[in-house]
Amino acid sequence: MNLRVIFNGLALLLLFATAAALISLQPSLLWTTERNHWWLAAGLMTAYAVISWWWVRRSRTPAINHTGMSAQTVLVVHASQTGTATALAQQTVQTLRSSGVAAELCPIGELHSDTLQNAARSLWIVSTTGEGDAPDEALAFLQTLEQPLQFAGNHTYALLALGDRSYTQFCAFGQRVAQWLDASGARAARPWIAVDNLDPEALEQWQPVLRQFGAHEAGSMKTTRAPFVYGQLMQRELLNPGSLGGEAHRIRLGTELALPSWQAGDIVQVAVLDEQGALPAPDAAASQWREYSIASIEQDGAIELLVRLMHDSAGRPGAMSGMLCRHWPIGARMALRIRSNPSFHLPQDNASPLILIGNGTGIAGLRSLLRERIRRGGGPMWLLFGERQRDHDAFFSEELQAYADAGTLQHLDVTFSRDGDGEYVWQRLQSRAAQLQSWIEQGATLMVCGSRASMATDVDRILRDLLGSTTVDDLARTGRYRRDVY
């Protein structure tokens, strides 16, 4: 049962018990003047307000308590979208502790300002996602960045920023954190380190930082990636001929040997073989492969994608989308590998409600979550999906409607913005405000997949309008607001 429901029940019981106690002590309250009735009501409401305030404060307390740390403890803060920054932060803590240095791991969403102000040293490993955005787990921390801190004493820090130079705002979030620390009076042990696509040479620069913070031996940071395997194009189907939004193809991929393992919500990276037909090296540059949300689950026996055919400024098909949607014949070989996407996996609580929100090809990632939740026999689900035209872009419509008819998908909201009475996803969500509030109060997890620039930004804005920014930040911090946006 949801904790908020339990709390409300206990609060009401407490109110009734208080009223009964007051009446037992002063029976005349049952027949006293109307004025005394008002005093009794005011007292009970005040008690309820105080208890409610305490509960809200308690529910926002981070899961990790750093108040008992020594001033000399190294605080290792991480902000991760795919889990890489977290893994490097864990290695950092292990390296320091193996040398006898007190070190504490702290997700950025659980970092208290007073904890940081009272610490003497901190190490930061933060990722930048998309065009300069903070990882979702850092959404609540963005408010902290708006105002510099005042450190109680000398504070020394170092920062490792992870990013991808193919984006114009390379490592922008890491740079913003470093500038904020500088403005707060912290002293940089050395200039912040920018790492492009986990470049090993850049990561090596973290070793002298660890030694400076007390590590006797700082080994190489382990960022091994899974090898590519040979894949094969098994099937291609154009799903939306004549659509205003451009071609979207359902792609089915197999492998020459056993399929790699993946979870619902994971990503597949697809690359072209070299001229000799060889696979790319595991540490190949990101520009050599493209990522796609997986639309299937392992039990389907193949990796399914929903790929939009992209074009460059001259109208030519995109490098990888052109291969998948146009140029490769059925049976063509390519390279592929799975990238785990833990920030978009299903919640551990299989019975709690799940709200899936997306647009366009984002339905691919949501479909995998939906199929896996049904396979597990999970709790109630609500899908909100938007595209352009009902006659062209109703992706997987028969499958989704079958789930709705069977009752495994409790609510199906599909919107089409270019139709006469069309709506965008955020507008449909806004019109379902009462239902949204109810599901969140029952412990629902929000999972968003699709366009970052339009849909995801608008959905985030509406969620904050309807639920409040503090609630949305708390949902993100506790893993109940998860996104895979691009």
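Two strands count as paired here if DSSP finds at least two bridges between them. Keep that in mind for the views below, which come from a predicted model.

**View 1. Valine 270 and arginine 290 face each other across two paired strands.** Valine 270 sits opposite arginine 290, a residue of strand 10. Strand 9 (residues 267–271) and strand 10 are antiparallel, and 5 bridges hold this pair together.

**View 2. Here's the antiparallel sheet that strands 9 and 10 belong to.** It's an open sheet of 6 strands, and reading across gives the order 10-9-12-7-8-11. At the edges you'll find strand 10 (289–293) and strand 11 (303–308), each with pairing on one side only. From one strand to the next, the twist averages 40°.

**View 3. Two helices meet the antiparallel sheet.** Helix 9 (residues 319–327) packs on the sheet and touches strand 7 (229–238), strand 8 (248–255), strand 9, strand 10 and strand 11. The direction of helix 9 makes about 60° with that of strand 7. Helix 10 (residues 363–376) lies across strand 8, strand 10 and strand 11. Relative to strand 11, helix 10 runs at about 155°.

**View 4. Now for the parallel sheet.** This one is open too, with 5 strands in the order 15-14-13-16-17 and parallel pairing. Strand 15 and strand 17 (481–485) are its edge strands, so called because each pairs on one side only. The twist averages 10° from one strand to the next. Zoom in on strand 16 (residues 445–450) and strand 17, and you'll see a parallel pair joined by 5 bridges. In that pair, leucine 446 stands opposite tyrosine 481 of strand 17.

**View 5. Aspartate 413 is tucked into an edge strand.** Look for aspartate 413 in strand 15 (residues 411–416). Its relative accessible area is 8%, and since the cut-off for buried is under 20%, aspartate 413 counts as buried. The side chain of aspartate 413 makes a polar contact with the side chain of arginine 432, at 2.9 Å. Setting aside neighbours within four places in sequence, aspartate 413 is in contact with Trp382, Leu383, Leu384, Phe385, Arg428 and Arg432.

**View 6. Stepping back to the whole chain.** There are 16 helices and 17 strands in the chain. Of its 486 residues, 48% count as buried. The accessible surface of the chain comes to about 23,100 Å², with 52% of that belonging to carbon and sulfur atoms. Take the contacts between residues at least 6 apart in sequence: 77% of them join residues at least 24 apart.

Definitions and conventions: Residues numbered from 1 in each chain as written. Predicted model: local features only at pLDDT ≥ 70, side-chain atom pairs only at ≥ 80, totals over all residues. Heavy atoms only, no water. Helix = DSSP H or I, 4+ residues; strand = E, 2+ residues; numbered from the N terminus. Axes fitted to C-alpha atoms, helices over the stretch in contact; angles between N-to-C directions. Contact = heavy atoms within 4.5 Å. Buried < 20%, exposed > 50% of the residue type's maximum accessible area, 1.4 Å probe, protein only. Areas by Shrake-Rupley, 256 points an atom, 1.4 Å probe, with all protein chains shown as cover. Polar contact = N/O pair within 3.5 Å; in protein donor to acceptor, adjacent residues only side chain to side chain.
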